[in-house]
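Welcome! Here are some exercises with worked solutions to help you find your way around a new structure. Keep the sequence and the 3D view at hand as you go.

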Amino acid sequence: MRRFAGVLLAAFVFLLAACANLTAAPAPVPVPPQNTVPTAAYEEPVYQLEAVTEEGKTVVGSADAAHYLYQLLSLSVPNLEALSPGDAEAARRNVENFNSRMDALMKDALARGREMGEDAAELYEAGGLADPYYDETCTGFYQAGQVISVRLDNSSYTGGAHPNSYTASQNFDLGTGQFIDPAQAADDPESFRAGAAELLLEKAEALESRAEFWTDYAEIIARWNEGSAVFDGEGMLVIFSRYELGPYSMGSVELRLSYEELADLVGPGGMARLGLGAEEPGEEK
């Protein structure tokens with residue numbers, strides 16, 4: 001894993017002694033200041049992601065009227081105490097900012113799940129609930145260099161002819177400690193957005209489902225970075241959920257650009273940011 005903060009070098013103090021008409025005493029062996037770890041002993045940050053799950057259900061009488069299950073993520077650094085001061089500060093910032101966003105997403109999801117349960121219970125008591133309601137989100141992630149990509153797949157049923165589903169994404173830059181637009185992984189975000197849009201459009205028009213696309217599909221694909229996009233071991237995957245490019249019956253559309261296709265678009269700095277060059281991308285979960 002790449003280092004994302006400068007290492008604070010331990011300062012060594014050399015004491016020199018000399019007396020008139022006497023031979024100078026040898027300089028004492030340098031001793032690191034108390035509570036300071038030698039530079040060579042510092043470790044690199046180890047970032048770990050763990051699933052955080054919340055679930056609940058609404059029961060009316062003996063019947064299950066609704067249930068929800070939400071899985072998000074929590075970031076931690078188990079070797080925090082072994083880091084240099086600079087790395088430790090950056091790691092704490094990353095953990096705080098990442099988990100703050102995940103906590104907010106979970107809070108919103110729980111509010112949605114509870115409201116869904118209330119609606120289902122009211123409908124059940126009125127005799128109009130044909131099938132139990134549900135709302136579920138599962139999460140996957142991948143660390144490519146200093147970018148953590150999170151994919152959130154949601155499926156739900158709250159009445160109607162069929163269930164619904166959609167995919168969302170979150171991309172977090174460990175270097176800046178911020179969530180980013182996927183285009184910001186590149187040296188020139190706008191150039192990357194435009195260049196990737198052209199390639200994605202070519203791939204979309206080669207699909208058999210092309211005939212079902214909405215008439216403004218090209219404009220939608222041009223704004224790919226405003227939707228769901230994640231970086232993984234093969235490149236960048238852009239996901240258009242049901243209804244985004246065409247009708248429900250068409251399903252979702254996933255378009256991929258390989259790292260070979262991305263190289264010129266994201267630039268050398270972008271490729272390094274994604275863990276390519278001297279290092280390989282991380283592992284998918």
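Before starting, note that this is a predicted model. As a warm-up, look at glycine 127: just after H1, this residue takes a positive phi of about 80°.

**Exercise 1. Check whether the span of helix H1 agrees with its number of residues.**

Solution. Step one: locate the helix, which covers residues 85–125 and has 41 residues. Step two: at 1.5 Å a residue, the expected span is 60 Å. Step three: compare this with the end C-alpha atoms of H1, which are 60 Å apart, so the two values agree.

**Exercise 2. Follow S4 and find its partner strands and turns.**

Solution. Begin with S3 and S4, which run antiparallel and are joined by eleven bridges. Here tyrosine 142 stands opposite serine 149 of S4. The two strands make a hairpin with two residues between them, and glycine 145 in the turn has a positive phi of about 65°.

Next, move on to S5 (residues 164–173), which pairs with S4 over ten bridges, again in the antiparallel sense. Serine 149 stands opposite asparagine 171 in S5. This second hairpin has six residues between its strands, and glycine 159 takes a positive phi near 100° there.

Finally, ask how well covered S4 is: eight of its eleven residues (147–157) are buried.

**Exercise 3. Classify the ring pair of tyrosine 133 and tyrosine 157.**

Solution. First, place the residues: tyrosine 133 is in strand S3 and tyrosine 157 in strand S4, 24 residues apart along the chain. Second, check the ring centres, which are 6.1 Å apart; the cut-off for a pair is 6.5 Å. Third, look at the planes: they stand at 80°, so the pair is edge-to-face, as angles over 60 degrees count that way. Both residues are buried, because the limit is 20% relative accessible area and the values are 10% for tyrosine 133 and 12% for tyrosine 157.

Now try the same reasoning on phenylalanine 172 and phenylalanine 179. Their ring centres are 4.9 Å apart and their planes lie at 65°, so this pair is edge-to-face too. Both phenylalanines are buried, and together with Phe98 they form one aromatic cluster.

**Exercise 4. Work out the strand order of the open three-stranded sheet, and find what packs on it.**

Solution. The order is S7-S8-S9, with antiparallel pairing. S7 and S9 are at the edges with a single partner each, so one side of each lacks a neighbour in the sheet. From one strand to the next, the twist averages 20°.

Now zoom in on S8 and S9, which are joined by six bridges; valine 238 has leucine 255 in S9 as its bridge partner. Then add the helices. H2 lies across S8 and S9, at about 120° to S9. H4 touches S7, S8 and S9, and its direction makes about 70° with that of S9.

**Exercise 5. Find the elements that supply the largest nonpolar core.**

Solution. Start from the residues touching the most other members of this 33-residue core: Phe192, Trp224, Phe231, Met236, Phe240, Leu245 and Tyr259. Then list the elements that each supply at least two residues: S3, H2, H3, S7, S8, S9 and H4. Last, look for the second, separate core; its 32 residues include Tyr70, Met102, Leu110 and Leu152.

How values were computed:
Residues numbered from 1 in each chain as written. Predicted model: local features only at pLDDT ≥ 70, side-chain atom pairs only at ≥ 80, totals over all residues. Heavy atoms only, no water. Helix = DSSP H or I, 4+ residues; strand = E, 2+ residues; numbered from the N terminus. Expected span 1.5 Å × (residues − 1). Core = buried A, V, L, I, M, F, W, Y, C linked by side-chain atoms within 4.5 Å. Buried < 20%, exposed > 50% of the residue type's maximum accessible area, 1.4 Å probe, protein only. Pairing = 2+ DSSP bridges. Axes fitted to C-alpha atoms, helices over the stretch in contact; angles between N-to-C directions. Contact = heavy atoms within 4.5 Å. Phe/Tyr/Trp six-rings, centres within 6.5 Å; stacked < 30°, edge-to-face > 60°.
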